[in-house]
Structures are given as C-alpha cells and as structure tokens.
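Morning, everyone. Please bring up today's protein on your screens, and we'll walk through it together.

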Amino acid sequence: MGSGNGIGNPDAFEHGVPEELDEGIHGVPDGTLGGYFSTHDRPPAFTGADGEPYTVSVEVERVASLARPFVGYLIFPRWAATGLGVIGHVQSPVLLEGQLPEDIQAEMAELPLERVKELLDEAIRRTGRGTIS
C-alpha cells in the first residue's frame, strides 16, 4: 500500500495510495490528473479532509470575457460510504482562464494528483466541514 495521503482508487477510498499511484506520484505518468485518467480509464478517488470519499471531474465552461472566454475548475463529487451514489459535491475556484477549451483541458491534465488533493481539502474547508479528528 501507499503513503496514506488520501489519494486512491474508487474501490479503496480509505486504504491509502495504491502501489501504481504511489509510483505515479514519483514520476510515472499517472501522477497527474490527465495521466491517471489515461492510465486507469477512470477518475482518481480521494479521501477528503472530512473523511468522506470523493472523485474528481474537470470542468471547462464559457464565460462572458472576450479576452479569456473559457475557465477551468474541478468538481469533486462526494460518494456515499457504500460507493453506490453521489450525495453531494464541492468545487475548486476557477483555476485557469483562456482562449480555447482544449488548452484549458490540457493544462488541467498536467495538475499533479497531490495538488488536486490539496484543492479538494481546501474546498471542503470552505464548506465549514473542516477535518476529522
């Protein structure tokens, strides 16, 4: 098993970091958000600061800016403890702004999973749920 930093796969939310992801964080391509999606054909899962299971989705949407008409951010669906359904979500602030949606997607794909986990925990703290004791 891995280092217990809350990054894992959807089948093992509370079991730390799977070996293939632990290796990815240290240089294998699945250490980034896009690399994980490509390698495993599913979103990475995280145990949030509140102890709940989450996955992540990259969102890109059009906004009213002529200079930077697209923005990118992350949505973190919160799963039931059984894994049988989504029971809520948190989201990051806007992380990127740009001219083309594919450029934002490409930049979001380069986010290290450790940074994605930090963004999740920051989003959880903004809701007031904080950390578990």
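Let's start with a question. Is E122 buried, partly exposed or exposed? E122 is partly exposed, because its relative accessible area is 33%, and the partly exposed class runs between 20% and 50%. Keep in mind that this is a predicted model.

Who does E122 pair with? The side chains of E122 and R115 meet in a salt bridge, with 3.4 Å from N to O. Salt bridges with shared partners join R115, E118 and E122 into one network. So let's look at the other link. R115 also forms a salt bridge with E118, and there the closest N and O atoms are 3.1 Å apart. R115 and E118 are three residues apart in helix α4, so about one helical turn separates them. Here is the general point. An α-helix has 3.6 residues a turn, so residues three or four places apart point the same way. As for exposure, R115 is partly exposed at 32% relative accessible area. E118 is partly exposed too, at 42%.

Stay on that helix for a moment. Helix α4 covers residues 113-126, and D121 lies in it. D121 is buried, because its relative accessible area is 11%, and buried means under 20%. What does D121 touch, leaving aside its neighbours within four places in sequence? The answer is G48 and A49.

Now step back to the whole protein. It has four helices and seven strands. Read along the sequence, the pattern is β-α-α-β-β-β-β-β-β-α-α. There are 133 residues, and 44% of them are buried. Take the contacts between residues at least 6 apart in sequence: 51% of these join residues at least 24 apart. The protein exposes about 7100 Å², and carbon and sulfur atoms supply 51% of that.

Back to salt bridges. The count comes to four. One of them joins R68 and E97, with the closest N and O atoms 3.4 Å apart. R68 sits in the loop between β4 and β5, and E97 in strand β7, so this pair ties together parts that are 29 residues apart in sequence. R68 is partly exposed, at 46% relative accessibility. E97 is partly exposed as well, at 47%.

Next, helix α3. This helix spans residues 101-109 and includes E107. E107 is partly exposed, at 47% relative accessibility. Which residues gather with E107 in a patch of negative charge on the surface? They are E102, D103 and E110.

P101 is also found in helix α3. P101 is partly exposed, with a relative accessible area of 26%. What does P101 touch, not counting residues up to four places away in sequence? P101 touches V60 and F70. The C-alpha atoms of P101 and V71 are separated by 7.8 Å, although these residues are 30 apart along the chain.

Last stop: helix α2, residues 33-40. Here L33, G34, G35, Y36 and H40 are buried. Just after α2 comes D41. Where does D41 sit? Its place is in the loop between α2 and β2. D41 is exposed, because its relative accessible area is 72%, and exposed means over 50%. Look at the backbone there. Phi of D41 is near 55 degrees, a positive value in a residue other than glycine.

That's the tour. Thanks for listening.

Note on methods:
Residues are numbered from 1 along each chain as its sequence is written. This is a predicted model: local features need pLDDT of at least 70, side-chain atom pairs count only at pLDDT 80 or more; totals for chains, interfaces and linings use all residues. Side-chain values use heavy atoms; hydrogens and water are left out. Patches are made of residues with over 30% relative accessible area and no salt bridge: like charges are joined within 9 Å, nonpolar side chains (Val, Leu, Ile, Met, Phe, Trp, Tyr) within 5 Å. Accessible areas come from the Shrake-Rupley method with a 1.4 Å probe; for residues, only the protein chains shown count as cover. Lys and Arg count as positive and Asp and Glu as negative; His and the chain ends are not counted. The place of a charge is taken as NZ of Lys, CZ of Arg, CG of Asp or CD of Glu. Helices (H or I, at least four residues) and strands (E, at least two) are DSSP runs, numbered from the N terminus. Buried means under 20% relative accessible area, exposed over 50%, partly exposed in between (1.4 Å probe, protein chains only). Contact means heavy atoms within 4.5 Å.
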